[in-house]
Amino acid sequence: MKHLLSILLILTFSFQGYSQKKGKKKPIPKTKITAVQEGGPTIEMKDEKIMPDTLQIQKGKKYVFLVDVSEFSGQGNTVEAGNDDNSEKAELKRNFPKENLEIITINKYTYVLFENKQTLDITGNGNSFQAFAYWSGKIDDKVQIKEGKRMATEFVAEQLKTKKESSYVINTRKYKKEVASLLGKNKVTSKSKEVMKELLSGYSLPFPDIEADNVPVFQQGTAKLKTLESYFLKKKGVRVPLKSVSFNNEGFPLIITYYEDEGKNKSKQELIYKDGMLTKIIKADQTTSSINYDDNKMIFTENIGDANETTVFWLENSKLLQKSYTLMTDDKFSYMNTFTEEKFENNCISYSINNVVWSYNCGGPNNKFPYIHTYTSYQNKEVLQFRKSKIEKKNDRTYDKYYSEAERADQNDNYKLWGTFHLDDFNLVDSFNFTKDGTAKTIKIDYTCYE
């Protein structure tokens with residue numbers, strides 16, 4: 001928010017009559033939400049480049065106003081009816097189902113006139129307003145105002161003299177308790193090593209952003225790697241590096257370097273081991289992920305600025321799953337906390353953010369071809385994207401990758417060849433030819449191995 005509203009809401013909260021036509025001019029605050037009653041001098045508003053709307057509020061209902069206005073939000077409708085996609089509205093509806101609240105969002109400069117002769121003045125080009133307002137709908141009750149965009153439930157509960165909390169406040173206590181139960185443990189077992197090996201196999205993939213539907217091809221090799229270098233192979237043999245990995249004599253990655261599209265260094269990670277177990281990952285910016293184990297769980301913790309992130313990995317049905325807690329260090333920002341989770345169900349891995357499903361990755365056994373994979377993503381519980389692919393084993397050294405033209409699960413497949421993987425004598429992917437944006441591309445991978 002560009003300007004603090006606390007001065008406005010606490011120190012300069014004033015009662016001024018708008019029925020009186022003349023009076024002494026007062027300086028207009030850069031940002032202001034004012035409540036007005038009869039009997040005081042008039043404020044003369046300066047000319048607005050954007051004409052503010054006027055909203056008249058009648059008695060008889062309980063009103064909650066969610067105000068979020070800036071010079072960039074002056075387009076479109078002034079007032080929106082209740083929208084469940086707005087998290088604060090959803091919180092209010094969930095916590096006060098019997099109060100029959102009239103929830104109004106204001107996202108444009110607006111002058112709000114109440115039947116009890118009070119006003120909310122949300123005007124002024126270039127100013128920003130982020131606040132809540134509540135009116136009981138009773139003529140004798142004043143409009144109550146509070147700065148902020150979050151914790152509307154707590155604000156309304158205070159007006160109604162009841163005890164209610166936003167779900168993200170409740171979840172913060174729950175998540176902190178769960179994280180506390182994970183940290184400080186270091187019970188290393190054979191299951192711990194299985195999880196670690198599976199996770200490290202992902203770090204060892206030859207180029208960044210290998211999607212789940214391609215992974216089965218990269219799991220054919222059995223050689224004990226020493227180094228790995230992947231690159232785009234351009235005309236005349238020009239190499240544009242993508243990723244390089246060095247491995248210890250146990251085959252675990254030690255140093256991983258990622259490159260930009262132009263081949264410049266993007267980032268580097270150093271993996272630290274103790275007694276054969278990964279204990280720490282140090283990034284180029286010196287941020288560190290610390291790792292501990294609890295039998296079949298591998299637990300990463302990292303400070304990411306204003307938040308702490310804890311991620312748990314485990315194996316289920318031979319699939320590596322994870323859940324992650326991102327918790328702000330300051331509880332007043334608890335609405336920014338995030339919980340993500342993967343679950344294995346019906347050969348699919350679901351991915352949820354704050355308990356809302358965002359995607360499904362579905363596929364059969366990784367060592368069985370043709371390998372069919374589907375990816376479905378969601379937005380507001382509606383399918384946002386559907387993608388279906390197939391990998392066929394052409395011979396012992398060649399795999400073809402196809403994409404279906406179907407855009408929904410109920411449509412017929414019409415597969416189109418997208419790319420071809422070529423394997424070397426060690427069943428390691430040697431090259432990957434594919435077409436992207438109408439251009440043929442080749443990724444080449446070079447290896448050295450321990451004897």
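The paragraphs below lead through a predicted model, moving from the chain as a whole to its cores, a pair of helices, a loop residue and the cysteines.

The secondary structure of this chain comes to five helices and 26 strands. Of its 451 residues, 42% count as buried, and among the contacts between residues at least 6 apart in sequence, 46% join residues at least 24 apart.

The interior can be taken up through its nonpolar cores. In soluble globular proteins, nonpolar side chains tend to be buried together. In this model the largest nonpolar core has 41 residues, and within that core Leu278 and Met298 are the residues with the most contacts. Once residues up to four places away in sequence are set aside, leucine 278 touches Met196, Leu200, Leu271, Ile272, Tyr273, Ile291, Tyr293, Met298 and Phe300, so that Met298 appears both as a neighbour of leucine 278 and beside Leu278 as a residue with the most contacts inside the core. Apart from this core lies another, of 19 residues, with Ile122, Ala131, Val143 and Ile145 among them.

Helix H3, which spans residues 152-160, offers a view of how a helix is covered by its surroundings. Its residues Ala152, Thr153, Glu154, Phe155, Val156 and Ala157 are buried, and the elements that cover the buried residues of H3 include strand E2 (63-69), helix H2 (87-95), strand E7 (129-135), strand E8 (144-147) and helix H4 (167-182). Of these, H2 can be followed in further detail: the axes of H2 and H3 come within 9 Å and cross at roughly 40°. An angle from 35 up to 65 degrees falls outside both the roughly parallel and the roughly perpendicular ranges, and H2 and H3 are therefore oblique to each other. The crossing of the two helices is right-handed, and the residues that meet there are Glu88, Glu91, Leu92 and Asn95 from H2 and Ala152, Thr153 and Val156 from H3. Just after H3, the backbone at lysine 161 takes a positive phi of about 55°.

Where does valine 215 sit, and is it buried or exposed? Valine 215 is found in the loop between helix H5 (190-203) and strand E9 (225-233), and because its relative accessibility is 18%, under the 20% limit, it counts as buried. Leaving out residues up to four places away in sequence, valine 215 touches Leu205 and Ile210. The C-alpha atom of valine 215 is separated by 8.8 Å from that of glycine 202, and these two residues are 13 residues apart along the chain.

The last part of the picture concerns the cysteines. The structure holds one disulfide, which joins cysteine 348 to cysteine 362 with an S to S distance of 2.0 Å. The torsion about this S-S bond is about 110°, so the disulfide is right-handed. Because cysteine 348 lies in strand E19 (residues 348-353) and cysteine 362 in strand E20 (residues 356-363), the pair ties together parts that are 14 residues apart in sequence. Both partners fall below the limit of 20% for burial: cysteine 348 counts as buried at 12% relative accessibility, and cysteine 362 counts as buried at 18%. Cysteine 449, by contrast, has a relative accessible area of 31% and is therefore partly exposed.

Methods: Residues numbered from 1 in each chain as written. Predicted model: local features only at pLDDT ≥ 70, side-chain atom pairs only at ≥ 80, totals over all residues. Heavy atoms only, no water. Core = buried A, V, L, I, M, F, W, Y, C linked by side-chain atoms within 4.5 Å. Buried < 20%, exposed > 50% of the residue type's maximum accessible area, 1.4 Å probe, protein only. Contact = heavy atoms within 4.5 Å. Helix = DSSP H or I, 4+ residues; strand = E, 2+ residues; numbered from the N terminus. Disulfide = S-S within 2.5 Å. Axes fitted to C-alpha atoms, helices over the stretch in contact; angles between N-to-C directions. Parallel < 35°, antiparallel > 145°, perpendicular 65-115°, else oblique. Left-handed = near helix turned anticlockwise from the far one by under 90°.
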